[in-house]
Amino acid sequence: MSEGAYQRLWDSSHVTLQELLDQEQPLLQPVPKRQRKSFQYRLSVLFLYYLGLLRQFDTLYDQMVQPQKRRLLRRLLDSVAGRVLELKEEMVRADLREFHCLDHVLQDCKLTPADLEVPIPKYFRREQSTTLHERALMLAEILGRIQPVSPLERFPEISRADAITLLQTAERARQGRLRAAFVREIQREEERNRKMREGGRPKFSQDQAAITIQKVWKGYLQRKRTQQDRQREMEFIGMLPSPSPEEPLGVLSQAGRGEDARRLLQLEKEEELQSAMVKVQSYLRETEGPAMKERIQEQIRQWFIECHALTGQFPDYPDESSGGSYLIFSDKTPEQVKMELEMQVQESKKKDQDQKKEREKKGAKDKTGKGEADAMLKVLPSKSIPLISAGHEEYKSVWQNRHDGRLPKQDFDSEALRVEKRKEMEQEIRIQVDELMRQELKNLRLAVDREVERHFKAPKNKAGKTGGKKKEKDLTPDRSVSSLFEELVVCGLLKKSKTVALKDFVGDFLYLGSTLSLSNKVPMPSLFDIRQNVALYGVLRLGSPDIHSMAPLIRSILLVGPSGMGKKMLVNAVCTETGANLFDLSPTNLQEKYPGKIGAQMIVHIVFKVARLLQPSVIWIGNAEKTFYKKVPKEEEEMDPKRIKKDLTKALQLLGPGDRVMLIGTTSQPQLAEMKGLCRTYERILFMPQPDYASRYVLWKHMLETQGVQVTQSLDISTLAKVSDGYTPSRILQAIRLVLTERRILQLPKRPLMASEFLAHLAKLEPVHREEEESLKDWYFRTPLSVSRMKLEKDQDAEEARLAKEKKKPKRL
């Protein structure tokens with residue numbers, strides 16, 4: 001795409017953005033709970049369109065060249081991602097479940113399931129590639145120095161005589177196989193010669209021989225043409241995947257090279273902008289700085305005089321937290337400024353009174369069990385919407401009507417740069433002038449009114465009495481980050497994550513979610529829903545500090561599902577997509593490390609300290625149920641799996657909006673844990689049931705193609721998806737690898753794969769039994785969110801029954 005095409009995409013994105021901002025205001029109005037479905041529908045539509053905007057802004061930020069446009073795009077990209085996460089939180093709050101049946105919304109909006117895919121911004125890893133490379137080198141250097149050898153890597157020790165005997169046996173077997181193959185070849189040759197002598201060759205004339213050869217050759221050509229025509233027909237109607245010819249590959253590679261060239265050009269233009277910013281800032285400071293300082297001082301002195309003339313006394317000077325002298329000179333008269341300052345104090349008092357009334361009303365409602373506020377739904381205030389609106393306004397005022405002809409080489413706009421730097425310099429100078437003028441105001445009061453200093457009383461913020469979160473006591477104040485990092489690597493608590501993309505967790509969309517809900521059947525999340533939730537809860541939050549600060553705070557998630565569902569794969573995918581460090585606090589990994597109560601405190605403290613200092617970080621706990629055992633099994637008492645339980649909960653509570661640290665637990669037996677402690681520690685619980693038919697179909701197709709097999713008509717994937725009901729993705733992959741040996745892959749051109757080849761291997765593997773699946777579902781339905789959902793459904797059924805009963809009552813004449 002050219003720069004003009006990206007500009008047109010940007011313009012159309014802002015048209016959509018304006019429509020979405022217009023739809024945001026009605027959501028702030030409370031609606032009755034009986035309109036919950038329409039409220040959920042509006043949230044779902046907004047969520048879908050914001051996802052599309054996020055995808056477009058990611059493309060624009062990745063490929064646009066003009067540096068000032070890219071800075072605005074970055075702010076818009078992060079704020080739209082923050083709004084997506086806020087809407088997801090609102091949908092969970094309204095729907096009372098972690099996944100949502102949006103098939104009917106997709107149909108109404110004329111969208112496809114692909115539009116529900118959460119785009120992961122490309123800058124997550126690209127902009128921190130240097131840091132990740134240095135960290136990987138440091139990790140490799142430490143691992144290479146300690147050279148750990150696991151018991152699985154040790155070979156059994158044998159004596160010299162046994163080793164010689166083993167080698168001799170292998171060599172004699174190899175020679176025997178070669179000799180046997182040679183003898184078989186000789187026997188086949190002798191058999192051919194004997195048949196030739198006994199039967200002889202049939203005698204043909206030259207014309208007959210030519211006709212026979214022509215018949216065979218023409219028949220072969222016709223069969224080949226017919227097969228090609230049939231293949232093209234099936235590809236045309238979409239029944240077979242189209243092959244990947246060399247020409248499209250060449251076009252794709254050429255497009256990839258073009259994108260890489262644009263990224264290099266972006267770096268060059270950004271460097272030019274950075275150097276120009278320094279020059280413009282120093283130039284403005286020298287030429288306009290002194291005059292600007294004098295002008296601001298003169299304005300403030302004039303304001304002192306006018307206020308004294310009008311009110312008989314000098315005004316209170318606003319402090320820095322209230323905006324300083326910027327409050328005075330935002331096109332307002334001294335009377336208006338004074339009235340505003342008084343109004344702030346009155347509003348704070350009124351707000352306190354309103355909060356007191358609300359608390360009293362809430363107490364009365366709790367006593368009676370009724371209340372109008374309890375029967376209303378509305379979205380919470382957004383941190384992202386003001387930033388989105390500000391970015392949209394900047395686009396309209398600066399870039400909307402600006403033609404590309406002004407910047408043909410996509411250089412920075414020097415005029416816009418001067419305006420921006422002039423505003424920044426004015427803010428810096430204003431802060432300095434405010435300090436001087438506060439002292440001057442104090443001197444004026446003493447000289448004119450004989451009055452001591454009077455401080456400006458800013459409105460009290462009762463919500464922030466404590467002044468922030470609690471601070472953790474540092475148990476390692478004298479240790480450097482590098483030494484703690486090395487200690488964790490040596491102890492095996494900090495590991496190198498496997499490189500896995502989130503898109504490799506393959507699964508299809510739940511197409512019948514709404515239909516099942518209408519039939520009073522509880523739909524289970526599909527693998528697509530799991531991938532989407534992991535992207536929203538884990539990847540987007542950890543990828544950017546700006547997105548993390550805007551999004552609702554989520555410190556931990558728990559992945560629950562049978563063994564082989566890909567829970568550890570998702571943990572590695574989060575680390576891969578965000579470049580996060582992987583810490584392993586699994587009970588089996590903590591055995592015989594940092595013993596005692598103090599050791600447990602130290603291990604949690606060091607891990608969380610390094611995780612915060614080297615964020616983003618993922619702290620993984622495998623077999624998470626062991627940390628919250630109801631009763632520790634006798635064989636695991638020596639391991640003491642519950643020893644970090646209290647310290648883990650305390651450390652999690654200390655994580656704030658600026659800490660890109662996520663605790664991810666995985667478990668296949670949550671029934672063994674205390675429900676209360678597990679659900680208190682893990683804020684989001686994602687249930688991973690066995691894949692449905694659609695996901696199994698996609699899994700078989702994807703895994704076969706990954707192994708280098710082109711799926712043909714002879715291989716019935718639909719049958720494989722049906723017979724593999726109850727098998728996890730890892731079992732399906734295991735069956736594929738057992739069939740596709742090296743020899744079988746070589747035979748594929750002559751003997752295509754058949755579905756029957758996989759049945760014997762599937763029969764030998766262990767599926768997920770119905771009892772195990774039902775046990776996991778029963779546990780999941782007892783989690784707090786599921787209990788609230790079931791209570792809501794009961795209330796809705798009772799309300800519908802009441803309304804139906806009222807309709808059946810005969811009307812009195």
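**Contacts and burial, in questions**

Biologist: Which residues are linked with Glu24 in a network of salt bridges?

Modeller: This is a predicted model, in which local features need pLDDT of at least 70, side-chain atom pairs count only at pLDDT 80 or more, and totals for chains, interfaces and linings use all residues. Residues are numbered from 1 along each chain as its sequence is written, and side-chain values use heavy atoms, with hydrogens and water left out. A salt bridge is a side-chain nitrogen of Lys or Arg within 4 Å of a carboxyl oxygen of Asp or Glu. The network joins Glu24 with Arg83 and Glu86.

Biologist: How many residues apart are Arg83 and Glu24?

Modeller: In their salt bridge, the closest N and O atoms are 2.7 Å apart. Helices are DSSP runs of H or I with at least four residues, and strands are runs of E with at least two, both numbered from the N terminus. Arg83 is in helix 3 (residues 67-95) and Glu24 in helix 1 (residues 3-27), so this pair links distant parts of the chain. The separation of Arg83 and Glu24 is 59 residues.

Biologist: Are Arg83 and Glu24 buried or exposed?

Modeller: Buried means under 20% relative accessible area, exposed means over 50%, and partly exposed lies in between, with a 1.4 Å probe and protein chains only. Arg83 has a relative accessible area of 3%, and Glu24 has 7%. Because these values are under 20%, Arg83 and Glu24 are both buried.

Biologist: What separates Arg174 and Glu171 along helix 7?

Modeller: The side chains of Arg174 and Glu171 meet in a salt bridge at 2.7 Å, N to O. Arg174 is partly exposed at 38% relative accessibility, and Glu171 is partly exposed at 32%. Because they are 3 residues apart in helix 7 (residues 160-199), Arg174 and Glu171 are separated by about one helical turn.

Biologist: Which residue forms a salt bridge with Glu705?

Modeller: The partner is 4 residues away from Glu705 in helix 23, so about one helical turn separates the two. Glu705 is partly exposed at 38% relative accessibility, and the partner is partly exposed at 27%. With the closest N and O atoms 3.0 Å apart, that partner is Lys701.

Biologist: How many salt bridges does the structure hold?

Modeller: The pairs described above are among them, including Arg83 with Glu24 and Arg174 with Glu171. The structure's total is 36.

Biologist: Are the rings of Tyr123 and Phe124 stacked or edge-to-face?

Modeller: Rings of Phe, Tyr and Trp (its six-membered ring) pair if their centres lie within 6.5 Å; planes under 30 degrees apart count as stacked, over 60 as edge-to-face and the rest as tilted. A search of the whole structure finds 10 aromatic pairs. The ring centres of Tyr123 and Phe124 are 5.1 Å apart and the planes are at 85°, so the pair is edge-to-face.

Biologist: Which residue forms one aromatic cluster with Tyr123 and Phe124?

Modeller: Tyr123 is buried at 5% relative accessibility, and Phe124 is buried at 2%. The cluster with Tyr123 and Phe124 is completed by Tyr61.

Biologist: How many residues apart in sequence are the parts tied together by Trp700 and Phe758?

Modeller: The rings of Trp700 and Phe758 have centres 5.3 Å apart and planes at 75°, so this pair is edge-to-face. Trp700 lies in helix 23 (residues 693-706) and Phe758 in helix 27 (residues 756-764), so the parts tied together are 58 residues apart.

Biologist: Which ring does Lys568 lie over?

Modeller: A charge sits over a ring if NZ of Lys or CZ of Arg is within 6 Å of the ring centre and within 35 degrees of the ring normal. Arg97 lies over the face of Phe99, at 5.7 Å from the ring centre. Lys568, at 4.2 Å from the ring centre, lies over the face of Trp620.

Biologist: How many disulfides are there?

Modeller: A disulfide is a pair of cysteine sulfur atoms within 2.5 Å. Cys575 is buried, with a relative accessible area of 2%, and Cys679 is buried at 15%. By the distance rule, the number of disulfides is 0.
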